[in-house]
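The exercises below concern a predicted model. Each one sets a task, and a worked solution follows.

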Number of protein chains: 2
Amino acid sequence: MTDTASLSGGSLLLAWQLKHKNVLIVGGGDVASGRIESVLVADAHVTLVSPSAGLHPLTKQFIERYPDRITYHDRTFAGASDLESVDMVLTAIDDVEKSREICALARERRIPINVADIPPSCDFYFGSQIRSGPLQIMISTNGQSPKLANIIRKQIEASLPENAGGAVERVGVLRSKLRERAPGVGGELGKRRMRWMIDVCTDWEMEDLALLDEDMMAKLLDDGWEKNRVPRLKEVGGSRRRSSLSTHKSANTWLVSAAAFAAGAACSAAVFLARRR
Amino acid sequence: MTDTASLSGGSLLLAWQLKHKNVLIVGGGDVASGRIESVLVADAHVTLVSPSAGLHPLTKQFIERYPDRITYHDRTFAGASDLESVDMVLTAIDDVEKSREICALARERRIPINVADIPPSCDFYFGSQIRSGPLQIMISTNGQSPKLANIIRKQIEASLPENAGGAVERVGVLRSKLRERAPGVGGELGKRRMRWMIDVCTDWEMEDLALLDEDMMAKLLDDGWEKNRVPRLKEVGGSRRRSSLSTHKSANTWLVSAAAFAAGAACSAAVFLARRR
């Protein structure tokens with residue numbers, strides 16, 4: 001509670017769970033296609049309501065590729081009956097009156113809703129997002145500056161360790177393997193498991209974690225978990241192929257230093273040689 | 001739709017709106033105190049239910065500092081009556097049975113709920129978060145690795161431009177001033193406003209945007225917006241006091257190079273001096 005004065009003006013950032021949930025999307029244009037992608041990522045079932053004439057090419061592609069995950073109705077919103085068994089509503093149509101009507105119906109039924117471009121009709125907003133496998137990052141400026149949200153997103157994307165998403169995914173697999181090997185909830189064993197996983201994540205570089213394959217994980221558990229230590233990458237049969245920015249940078253510093261050393265030596269030598277003559 | 005194979009396994013990241021909403025928090029310990037902070041940031045009204053014996057010092061501080069924003073009840077959860085007029089429920093108590101009971105009651109009423117440590121009883125999760133004024137960033141590994149989420153959060157925090165939150169806040173103020181000066185929704189003017197704001201955000205460094213005060217904003221609008229251009233920082237009376245990490249880094253490279261040059265010169269000189277004798 002360091003900065004109590006600023007405890008306001010924000011949102012509650014959440015990772016909403018949509019597995020086995022039904023999301024109704026009204027509209028099929030550009031914005032709707034982005035919404036479809038976002039909720040498919042979260043394993044939702046999508047019901048899409050939009051006249052086929054207004055479908056964005058991306059929306060069409062989604063409908064074709066995921067017939068089992070998207071139920072498509074070639075028509076406009078039909079009223080309350082469209083909200084049956086729906087867990088979330090996202091609308092992205094140009095008709096403001098229709099949007100407000102859908103919002104009122106959803107709110108009567110306490111179904112969370114986002115109406116594109118009409119903030120008062122939104123229970124939640126979407127921020128600028130990064131996704132890399134199971135790693136998801138959202139940047140929100142709480143409506144102050146979408147452009148800065150975008151700039152910050154790009155900077156974060158550029159500064160993320162190489163294959164951070166891969167590292168997260170591999171560590172997730174390692175965790176389940178560890179839980180299989182040393183099962184049980186809570187207690188001393190649970191604490192030891194957590195500590196060891198933290199040690200692995202802290203001691204290894206993220207690029208190296210992303211290299212973990214089945215064999216390496218087995219060795220890591222045999223020589224690491226069983227002996228209560230964290231082996232190095234090489235000990236479990238891995239090898240680095242570094243190409244990260246930080247490596248380049250420090251390599252550059254060394255090159256520059258070596259060049260400067262040589263230049264210094266050459267200058268000094270030249271002075272002495274000149275004196276000799 | 002570049003990577004359709006991985007359109008699963010994630011969450012829907014959202015910025016949930018809680019202004020004028022009531023959030024019930026059951027429990028007053030360490031986890032609950034973090035929840036209280038998160039929802040106060042989002043301008044929610046909090047109803048806190050927890051026996052005073054179990055209150056974390058931070059929770060106590062929140063109750064004392066925000067008597068108008070937190071309604072505190074020194075007791076355990078009372079049942080369905082506690083859920084009246086509630087828009088969201090967050091529980092953080094050790095009693096698993098009680099937690100599940102609260103979850104069932106909330107779900108009957110379609111009130112979104114998060115039960116700490118019981119994923120199946122959660123409609124949403126909290127990620128690792130960064131907050132700097134109106135700028136909020138959430139990192140979610142979708143449960144794969146809380147430790148990596150934490151490491152990535154720290155790396156992002158370190159790589160963020162200095163005072164990024166301040167820049168977002170200042171740009172938000174500039175945007176409202178621009179809307180006052182050139183009011184109206186949509187149309188050509190709306191597009192011109194958006195383009196000019198984008199140009200300002202793109203042309204100026206984030207550290208410089210954070211320096212914008214009232215006078216500078218007035219000049220920026222007079223000499224910039226009115227003349228359809230983006231003046232430089234100096235033109236509107238600002239001056240840089242750079243101390244960013246990148247500056248430090250390049251300064252270090254120069255120091256190292258200078259030292260290497262001197263070392264090279266000294267070595268070479270030593271060789272020649274030794275030969276002379």
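**Exercise 1.** Which strand of chain B is joined to strand 9 (residues 135-140) of chain A, and how many bridges join the two?

*Solution.* Look first for the partner: strand 9 (residues 135-140) of chain A is joined to strand 9 (residues 135-140) of chain B. Next, count the bridges, which come to five, and note the direction, which is antiparallel. As a check on the register, take S140(A), which stands opposite Q136(B) in strand 9 of chain B.

**Exercise 2.** Describe the interface of chain A and chain B by its contacts, area and composition.

*Solution.* Start with the residues: 93 of chain A are in contact with 94 of chain B. Then take the area. About 8000 Å² is buried between the two chains, and carbon and sulfur atoms give 63% of this. Now turn to the pairs. The rule finds 37 residue pairs in polar contact across the interface, both residues being at pLDDT 80 or more, while the count of salt bridges between chain A and chain B is zero. On the side of chain A that touches chain B, helix 9 (residues 245-276) gives the most, with 16 residues. By class, that side of chain A has 53 nonpolar, 25 polar and 15 charged residues.

**Exercise 3.** Where are salt bridges found in the model, given that the count between chain A and chain B is zero?

*Solution.* A search of the whole structure finds 30 salt bridges over all chains. One example joins the side chains of R100(A) and E97(A), at 3.8 Å from N to O. The distance qualifies because the cut-off is 4 Å. Both R100(A) and E97(A) lie in helix 3 (residues 96-108) of chain A, three residues apart, or about one turn of the helix.

**Exercise 4.** Set out the helix and strand content of two annotated stretches of chain A.

*Solution.* Begin with residues 133-159 of chain A, which an unreviewed UniProt entry annotates as "domain: Siroheme synthase central". This stretch is 52% helix and 22% strand, and its end C-alpha atoms are 17 Å apart. Continue with residues 161-231 of chain A, where UniProt (unreviewed entry) places "domain: Siroheme biosynthesis protein Met8 C-terminal". Residues 161-231 of chain A are 72% helix and 0% strand, with the end C-alpha atoms 21 Å apart.

Terms used: Residues are numbered from 1 along each chain as its sequence is written. Chains are lettered from A and ligands numbered from 1 in the order in which they are written. This is a predicted model: local features need pLDDT of at least 70, side-chain atom pairs count only at pLDDT 80 or more; totals for chains, interfaces and linings use all residues. Side-chain values use heavy atoms; hydrogens and water are left out. Contact means heavy atoms within 4.5 Å. Buried area is the accessible area (1.4 Å probe) that two parts lose on being put together, summed over both. A polar contact is a pair of N or O atoms within 3.5 Å; within protein, one must be able to donate a hydrogen and the other to accept it, and residues adjacent in sequence count only if both atoms are side-chain atoms. Helices (H or I, at least four residues) and strands (E, at least two) are DSSP runs, numbered from the N terminus. Ala, Val, Leu, Ile, Met, Phe, Trp, Tyr, Cys and Pro count as nonpolar, Asp, Glu, Lys and Arg as charged, and the others, Gly among them, as polar. Two strands pair if DSSP finds at least two bridges between them. UniProt positions are given in the numbering used here, feature names are shortened, and annotations may be inferred rather than shown by experiment.
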